[in-house]
Amino acid sequence: MPNGNSQDPQSGLLSPEVPDGFFRKVLEAMSDVVLVTDAEGRFRFVCPNVESVTGVPPDHVAARGNVGNVLDPDPAEHLDAQQVSVLMNVPTRLMGPDGDAHELLCNVRRCDIDGDSRLYVGRSLSEFDVAARLLQRIFGHAQDAILFISPSGRRIVDCNPAAATLLGYDKQDLVGSSTEKIHIDRESFLEYGRLSAADIQEGGSFQTRYRLRHRDGYPLDVDIRTVAIDTAAADSLGFISIIHDVSKQCAAEDALAMVHGVVRKIMDCRTVKEALLPMLNAICRRSDWAVGEAWLNRDDSPGTFERVADIAREPAASTYLKRTTATVADLQDPLVGRAATTRQPVVVDDLSATPGTPRTC
């Protein structure tokens with residue numbers, strides 16, 4: 001920046017020669033208000049485009065003489081009070097000739113332009129309002145769950161509708177709660193904090209596949225990315241977590257792995273009976289069934305069925321497995337009869353009932 005002064009024809013102010021030529025065109029093309037004052041707040045330069053941004057003519061701004069007569073409050077007051085060289089995104093108002101006010105977010109910096117000076121760069125909040133409305137629409141309609149999280153206590157400050165739907169809560173039940181609420185247990189909550197801390201501190205973000213908990217208690221497999229908020233809002237927000245549900249993908253992968261595992265186990269089986277047990281075991285574990293039975297028609301006695309494999313994964317299930325054979329007369333029994341007549345699997349909802357109230361699946 002040259003330090004010589006010249007008369008600015010548009011603002012009527014004595015200003016640095018920087019705005020002339022190329023630098024003037026750059027300033028005029030900006031969508032920001034640019035002001036330069038001396039250490040006492042007296043104007044040294046008023047950017048001509050102040051009128052295009054706020055509707056206030058630059059001559060009106062210049063005629064007020066001191067930035068304290070134009071900006072309310074003067075962001076430099078905070079600069080001096082905090083004894084720093086720069087402040088970012090300080091809200092203020094630029095006062096127009098008719099007393100109307102134009103909301104700005106202003107950055108102010110100490111600098112050396114013909115001595116101790118203050119450089120003000122302000123942007124109309126109307127632009128931020130447009131951006132905020134756009135972000136709010138994205139936030140509200142995103143298919144992925146989004147959580148805003150406070151840095152202290154890891155509490156949920158806000159969440160979008162997708163988060164409430166994914167996790168099974170109403171929004172008001174989530175906001176204000178610790179994120180521990182959506183983890184499988186406290187150890188999982190603490191582990192995620194340990195895993196994410198180093199990456200967030202070093203690179204500002206952390207991404208992993210993790211398991212959260214639905215309100216109804218069942219697990220949710222998710223891809224979760226947590227990002228630190230590096231703005232003035234960080235004191236109250238801290239982090240954003242974006243959560244993508246991959247439960248169906250994981251279920252498909254688990255099912256495929258189960259099939260591959262069963263195939264490996266039955267490759268050496270010589271009979272259907274030998275193959276049924278590993279198949280039944282895999283199916284019951286995959287479906288979280290407490291009991292499973294496999295019945296075959298006996299070759300030596302047509303019309304008689306024989307249980308050739310069974311799985312009991314809890315005591316109540318083992319007490320249900322009493323009979324080892326059944327005849328055609330037993331076809332009214334839902335466990336044997338329905339499976340035989342419809343060739344559909346039968347699920348017994350109440351193992352304590354005799355013979356049980358079945359439903360086909």
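The following exchange asks how the terms applied to this predicted model are justified.

Author: In this predicted model, local features need pLDDT of at least 70 and side-chain atom pairs count only at pLDDT 80 or more, while totals for chains, interfaces and linings use all residues. Residues are numbered from 1 along each chain as its sequence is written, and side-chain values use heavy atoms, with hydrogens and water left out.

Reader: What makes residues 247–266 a helix, and what span is expected for α9?

Author: Helices are DSSP runs of H or I with at least four residues, strands are runs of E with at least two, and both are numbered from the N terminus. Helix α9 has 20 residues, so its length satisfies that minimum. The expected span is 1.5 Å times one less than the number of residues, and α9 reaches 28 Å from its first C-alpha to its last, close to the 28 Å expected.

Reader: How do you know which residues of α9 are buried, and on which side they lie?

Author: Buried means under 20% relative accessible area, exposed means over 50%, and partly exposed lies in between, with a 1.4 Å probe and protein chains only. Ser247, Cys250, Gly261 and Val262 are buried in α9. They cover an arc of only 110 degrees around the axis, the arc being that of the directions from the helix axis to the C-beta atoms, which is why they are placed on the same side of α9. The face turned away from that buried side carries the exposed residues Lys248 and Arg264.

Reader: Why is Val26 called partly exposed?

Author: Val26, which has its place in helix α1 (residues 22–29), has a relative accessible area of 37%; this value falls between the limits for buried and exposed, and therefore Val26 is partly exposed.

Reader: What makes Phe22, Phe23 and Val26 a nonpolar surface patch?

Author: Patches are made of residues with over 30% relative accessible area and no salt bridge (a side-chain nitrogen of Lys or Arg within 4 Å of a carboxyl oxygen of Asp or Glu). Like charges are joined within 9 Å, and nonpolar side chains (Val, Leu, Ile, Met, Phe, Trp, Tyr) within 5 Å. Phe22, Phe23 and Val26 make such a patch of about 320 Å², an area from the Shrake-Rupley method with a 1.4 Å probe.

Reader: How do you know that β3 pairs with β4 and with β8?

Author: Two strands pair if DSSP finds at least two bridges between them. Three bridges join β3 (residues 33–38) to β4, and six join β3 to β8 (residues 116–124), so both pairs meet that requirement. Leu35 stands opposite Val46 in β4, and the bridge partner of Val34 in β8 is Val121.

Reader: Why are β4 and β5 called edge strands?

Author: The six strands form an open antiparallel sheet in the order β4-β3-β8-β7-β6-β5, and β4 (43–46) and β5 (71–72) each pair on one side only.

Reader: What makes Asn89 and the bond between Asp72 and Pro73 worth noting?

Author: Most residues other than glycine have a negative phi, and most peptide bonds are trans. Asn89, found in strand β6 (residues 86–95), has a positive phi near 55 degrees. The peptide bond joining Asp72 and Pro73 is cis, with omega about 0 degrees, and Pro73 lies in the loop between β5 and α4 (76–82).
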